[in-house]
Protein chains: 6
Amino acid sequence: MTDGPPDASDKAPERPEQAFKPRSTREVPRFAGASSFLRLPFHDDPRDVDVLICGAPFDGATTYRPGARFGPRAVREASALTRGYHPASGVDLFERLRCADGGDILCVPMEIERTLENIRARVAEVLAAGAVPALVGGDHSISLGALRAVAAHHGPVGLVHIDAHADTFGPAWGVDLHHGTVFRHAQQEGLLRQGGVLQLAIRGPLTSASDLDFAHAAGFELLMIDAIKRDLAKVEARLARAAASGPLYLSFDIDAVDPAYAPGTGTPVPGGLTSYEALCLVRALAGAQLVGLDLVEISPERDPGGQTALLGASLLAEALSVLAASR
Amino acid sequence: MTDGPPDASDKAPERPEQAFKPRSTREVPRFAGASSFLRLPFHDDPRDVDVLICGAPFDGATTYRPGARFGPRAVREASALTRGYHPASGVDLFERLRCADGGDILCVPMEIERTLENIRARVAEVLAAGAVPALVGGDHSISLGALRAVAAHHGPVGLVHIDAHADTFGPAWGVDLHHGTVFRHAQQEGLLRQGGVLQLAIRGPLTSASDLDFAHAAGFELLMIDAIKRDLAKVEARLARAAASGPLYLSFDIDAVDPAYAPGTGTPVPGGLTSYEALCLVRALAGAQLVGLDLVEISPERDPGGQTALLGASLLAEALSVLAASR
Amino acid sequence: MTDGPPDASDKAPERPEQAFKPRSTREVPRFAGASSFLRLPFHDDPRDVDVLICGAPFDGATTYRPGARFGPRAVREASALTRGYHPASGVDLFERLRCADGGDILCVPMEIERTLENIRARVAEVLAAGAVPALVGGDHSISLGALRAVAAHHGPVGLVHIDAHADTFGPAWGVDLHHGTVFRHAQQEGLLRQGGVLQLAIRGPLTSASDLDFAHAAGFELLMIDAIKRDLAKVEARLARAAASGPLYLSFDIDAVDPAYAPGTGTPVPGGLTSYEALCLVRALAGAQLVGLDLVEISPERDPGGQTALLGASLLAEALSVLAASR
Amino acid sequence: MTDGPPDASDKAPERPEQAFKPRSTREVPRFAGASSFLRLPFHDDPRDVDVLICGAPFDGATTYRPGARFGPRAVREASALTRGYHPASGVDLFERLRCADGGDILCVPMEIERTLENIRARVAEVLAAGAVPALVGGDHSISLGALRAVAAHHGPVGLVHIDAHADTFGPAWGVDLHHGTVFRHAQQEGLLRQGGVLQLAIRGPLTSASDLDFAHAAGFELLMIDAIKRDLAKVEARLARAAASGPLYLSFDIDAVDPAYAPGTGTPVPGGLTSYEALCLVRALAGAQLVGLDLVEISPERDPGGQTALLGASLLAEALSVLAASR
Amino acid sequence: MTDGPPDASDKAPERPEQAFKPRSTREVPRFAGASSFLRLPFHDDPRDVDVLICGAPFDGATTYRPGARFGPRAVREASALTRGYHPASGVDLFERLRCADGGDILCVPMEIERTLENIRARVAEVLAAGAVPALVGGDHSISLGALRAVAAHHGPVGLVHIDAHADTFGPAWGVDLHHGTVFRHAQQEGLLRQGGVLQLAIRGPLTSASDLDFAHAAGFELLMIDAIKRDLAKVEARLARAAASGPLYLSFDIDAVDPAYAPGTGTPVPGGLTSYEALCLVRALAGAQLVGLDLVEISPERDPGGQTALLGASLLAEALSVLAASR
Amino acid sequence: MTDGPPDASDKAPERPEQAFKPRSTREVPRFAGASSFLRLPFHDDPRDVDVLICGAPFDGATTYRPGARFGPRAVREASALTRGYHPASGVDLFERLRCADGGDILCVPMEIERTLENIRARVAEVLAAGAVPALVGGDHSISLGALRAVAAHHGPVGLVHIDAHADTFGPAWGVDLHHGTVFRHAQQEGLLRQGGVLQLAIRGPLTSASDLDFAHAAGFELLMIDAIKRDLAKVEARLARAAASGPLYLSFDIDAVDPAYAPGTGTPVPGGLTSYEALCLVRALAGAQLVGLDLVEISPERDPGGQTALLGASLLAEALSVLAASR
């Protein structure tokens, strides 16, 4: 006899305290019903939850292939297969955290500043309610809106940034704010804690020798892809130290992962993380005080099978488990 | 000056009486937010609406390629692009009908009779509330559940059945109830009005000469694909007469349409309807007293671009417009 | 009650005289078992059958996109969905014709002449046995091998050629024998009956004004795409006359059909036939004395959903029905 | 013997006067070499040619699915299969017109007005040189840049606009200039000849009853999809009259065509043109004085097989043939 | 000089003793002919062979995405590229084992118990003939049918189970027998040797903390994904010990492998095995006394390129080599 | 402030010395303009450059799935995302090497010897000009044409060959020269330096035990896939020694990489390199005296997302960096 069916986790009628957990698969099979992040209920008010997951469907700052405006929809759909209990950590994230799908923030493809302001305002609202904001992009520019609110609430924060690109680059075609500049702007606006920025999985080739000058000058610590590939345990240990260093914001760009695992993204770079490595990097933050997080650059167009979004949904659950583990 | 923006139809704040219309694209752009049928609100109680659209994600009766359990999800997602005003008829369906997405009926892939009973019960509930049930399948077997409720409520009804197959066939591997037998069962159970069954777009080849014997013996009227291809206007006129003949149930199997237009289905048959012809056939029912309808056999697997589901969503809106036109 | 189940046509144990019919779906469901043309048994010896269908997996004469060597495999797989009884004609092809899948002729991608000789020899063997050869290509060059055998057996034959291209063109890069030259060679070798060549669905644009000079000089009759689109019935009548004109070879290049219906081909041309029109053109040959036929240029690479091969399998069955109707 | 090889049209060494024709397939097979529009040479200076085809890779004004910035690349690649001689008209467009691929205009995804100005300036340059500008988009907003230059050069012009949408809609999310507003802006800016606007293939459903008010008030003539489907010859006759009415600008939005034929577009609408109808509509303009033309909204993401871009390349050649026919 | 052509291994005419080897590529190139498992002859009678490979095209027990009924067809097609000689082990499996494709067992999608009984009966027949049964699924429920026959013949057997899921879960929607329960049922029915069950590549997250209770209580040994990723050699050593422990049944669920390598499966889980690791795990069983094996959950729908089935075919050959190595 | 924008590397007008660098992204965004290898200018004359990259679009020697004739086009398109500066080595390849896209060599699908002669002649011309030839295939047979020229110029050369297959096999169907025989022919023609051939990533299964006899007899050193997977650093060290051993030719067959990373190839073999390993193997040659290189067997058909070609473009840049590092 077993009482843990994979698709029928709760046999009792839903009790009030279960309101912010994934819908029971007994009532709504994984293939059925409205798609929401991690099968959570849609709920607008952050005061009722510990974590509010919001979509930020914006790709107006993309320099190559757009499509990340469909990222939230893709992650919601792929979320059908996600679950909440981690056998390794022994943590059931939904037992510890009340979570909800907060819907999508109004993003206007043609207006980046208006969009960032909408994101900032929504994140500020979540933070003011005492909840943790989790964003699903959208291109990487959305992180700037979130960081503005986070820094306003918490002061300059530490950053764990997992990405193929440093995103501290200069203007493109004279446009100063695009998806490859977000952490330069965040640094220039004073949103990041000095010495608290860790960038992982960055890899070349780059356009020129000066591409990483800004990151180096700003004191960002870069753990290039080689460091991870050659000694994963060492990098995990480095992340564990970062986890103990104070409030952190986690920004995960799916192109950190190799195109074989994450073909659905706008500026893919070969030679990246495996899905296992990606999950390990997030998991290594166990115990961190995450004050916000985002998952960006998932663009479902080049990924009809949906494996990118499925990995994204898994990374989202993994990050929430980090949060749960610290409660 | 214009006041009809394509993606911002209502500038005023939402009024109560707008509650059962598609969400304003001003608040939720077409690429954003939760996917629902025709962008309608999710709502459980049929007493508040004129039409309740429910998913029936069941493909357990499929004899060839399964996957139609993902039909409701695909149609919801494709619904992002649908609209409600028909310039030809001058009818705005959402002005005349309060509509909602009633969610999915619990369908168990391994248990067809239990599933049909769940469908029957939900459809009966909708009918009892005075609303019209619209189902999105799922394979064609779901129609039997719906027709059982409809006939219980209205008595035997007329049927307009648009499909590549007559679905009056015999058992397969000794299984008497599969998706190719639904209208044989409906007839045998006395759910259909004598002389009131019209089958359109049926085409061969068939397995044997006797394949259509049941349909002929039962007095079903078959308008084979040639009739439609060679004189569409004549078939439209025939449908207009059917529309005036009393309560009708409309069952649209997407494989009526050619695989070029609807590749995402389980048993495609070349030589079918164009999308234009399909829309015309439904439109020709203007004025009909539709007491229920379904759209079945959309299976998104073979259709990564989503054109089948988009056509399905359009046919759904078209059918609701027929309903709206009679109000 | 019905006795015509869609997937279980014969309930009695297989009798000897059923040996050359499609396998019973009662024993092998459509989704199961080895794939063969029209679900027929594999059989090598043409003396036992009326029609032997052989694959000719050759694409070594392709000037643009290769891949047609996988055409026979794709058509076999798609054949899972085909059936044999035509409600319009009232003919069940498998009641009238003993058919088998004769396997694939050895085709060597690098050696066109050796390949054509292998094809010629196999077709000659089939003809000598009194059976009708039906080939599934492969690129269009395979027709030349077949026509050499057919003309050797029957003398110069009439030809109904349905294609986007006339295939009477000149050398490419100095190579005189490629897939766009097959009917020029057939004519030059005296394989075609004077005045007996009908080319349908040809369309432009062409490379130069002289592209059709050969066809015109040779007295080929061209029914360009406009003729078919503007008056299908008239073209069907023309084909009916052709059907009465003596021994005919039918060569159907799938690119006659529009890329929407047949994306899986090497040199697609927009503005082509619909699947319905394609089937009608073949059907219009009812009563013809077909002495051989081929279906070429199906290349499954660009058609993951398999709709091209499914249409091909349907056209193959349609052509066999024409043959059956004359028995 | 034939002298019209399909892939080797010119045997003599290239002569100077051949400089602005497609590259000889004798030297560069269709599957080889750099992709350019219609296999034409890249050339920057419009003074040397009759037609300069320029890409306008901009999709920053897209309200639903972006990706049209890759339209020019896709059309160039698909152009490998195009040819120049029309058997129906007897016109070889490259014999009559010196044509070149003018490269892409610098389009900045985040800056629509700057992009439109770049387009305007390039089109003005082409017109000043006495050449005809042909643009390949990009989303439909690019037409506004072109029309500004055309009207400045020729005065208000007639417009033949083939599209599923009227594109005279209002703002979206407060953004007044997006891809669904281009002809409202063109009209408001006085770029269009009064009474000289013909819109074809427009179809519903629409967002609201007022959606076409602007077009009606502005005196645009709308030939809805039904008109074309029910009597193509009549619509062709109407276009022939338009062709005789003075300088015309042709704007072809690929979503005029049904998604079965053109899945690769951002806002597809079922029930559209077939590829044959689309080609016929353009062809019906034979003799028109085209002063500019564009082909927009081809977005290759949802069309891995490339059939949308191939149709686009064919429509481009067809439009140039219209131009050639008037020389 | 070389005598080992890649595609023409035997130049002499086929000798009788070669009857149960892959067809010579000299006669049937890899791209040609009927598709069969590992290019083996179809043969019904297990008494003539050492291994009979049978398809079990059943997906009626699938809780999420169906489609595994097409697994046997996909593996047969992908088998075109497989070969038999392992340079590492020096074993040519087809030199040591007479193998054949036994066709597909009749599986009825709507009737799981009847299907399992058909599977059991066929496997029993193979075992009774002294041959080893190898099954290609189908969803994981098919293993239960096989294990019933194996245990009846050999008594309770050891099990090496490679999978992302433990498949010892509870009922779903009240259905006790679905594809996630197969080893719970096998254990409850006494089919497995106590202490002889090894589960590899299992990974979370799980639905709840109790999900693995059954496996733990039953004494199954779980080697979670981390164990494999962090020390593959150690796990290989563990498997080598298992190989020496008596009769084993090997059950390989393709979702053990990461979705990057095996996208074509119904319930993919990120963070899985690489193809190299998967092949190593099977290879590590060298010398084992395999009494039966299966390969399940290959569903080609989401994998148009066929890489999942190709990996499946390779794993099948790898498992047969394990068997060959012990002869 | 930073001066290294990702997409706008040079703000000054192009200076002459910049002529053989990638086009500035300021003028031509990555999504725009003609596709060329690494965004380099097209240039015919090798005397002006250090490296001339030429396409060799030939797949006439393919034994399984053809399509590599579209490899050069696919790599050019994917090159949009490549960059030139390696942060690890500190080398900007375009600072050290003048590079250009030399267009495609005329390859005739039906004539392998003529094609190899065209390749030989072009490579000889490049070598005579003192430049290094880099070829993008095409199937592996093209390497033979290149090696003939290289050996004529430099004498027998060392070879680093990265591939799943040894390509020293025997004839297929009596055809002695196909893509699996290229290094047997090169050895037999005396083009390779005795003791200077290193083959990496070779893996089984093979057709027979004798498959590697030729390679062994010829003294080729094989580093099978296990060697790389189990100790990458050791293999890198071996390559570093090879790099110091004199003139080398590098031949990279993309099927060395696992199908998960490189699905777009004609004869994929599971269990291969990751993209990271592939890049490392090339990088390990730093300092080598490369006298020529090729990248072969990229076939975009099975890879609509283009990840294979993107990896190919990255490997090409990596190989050029090796060359740059030695200058």
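Two residues are in contact if their C-beta atoms, placed from the backbone, lie within 7 Å. Helices (H or I, at least four residues) and strands (E, at least two) are DSSP runs, numbered from the N terminus.

This is a predicted model: local features need pLDDT of at least 70, side-chain atom pairs count only at pLDDT 80 or more, and totals for chains, interfaces and linings use all residues. Residues are numbered from 1 along each chain as its sequence is written, and chains are lettered from A and ligands numbered from 1 in the order in which they are written.

**Symmetry**

Copies are superposed by least squares on the C-alpha atoms of residues with pLDDT of at least 70 in both.

| Chains | Rotation | Shift along axis | RMSD |
|---|---|---|---|
| E on B | 180 degrees | 0.0 Å | 0.0 Å |
| A on F | 120 degrees | 0.0 Å | 0.0 Å |

For chain A on chain F, that is the relation of a three-fold axis. A:Ala260 is the residue of chain A closest to the rotation axis, at 3.2 Å (C-alpha). Only 3% of the interface residues of chain A are also interface residues in chain F, so these copies meet through different surfaces. For chains E and B the figure is 100%, so those copies meet through the same surface.

**Helix α9 of chain A**

This helix spans residues 275–283, and 9 of its 9 residues are buried (20 or more other C-beta atoms within 10 Å of the residue's own). Among them are A:Tyr276, A:Glu277 and A:Arg283. In chain A, they pack against β6, β7, α7, α8 and α10. Chain E adds its α7 (225–230).

Definitions and conventions:
Buried ≥ 20, exposed ≤ 12 C-beta atoms within 10 Å, placed from the backbone.
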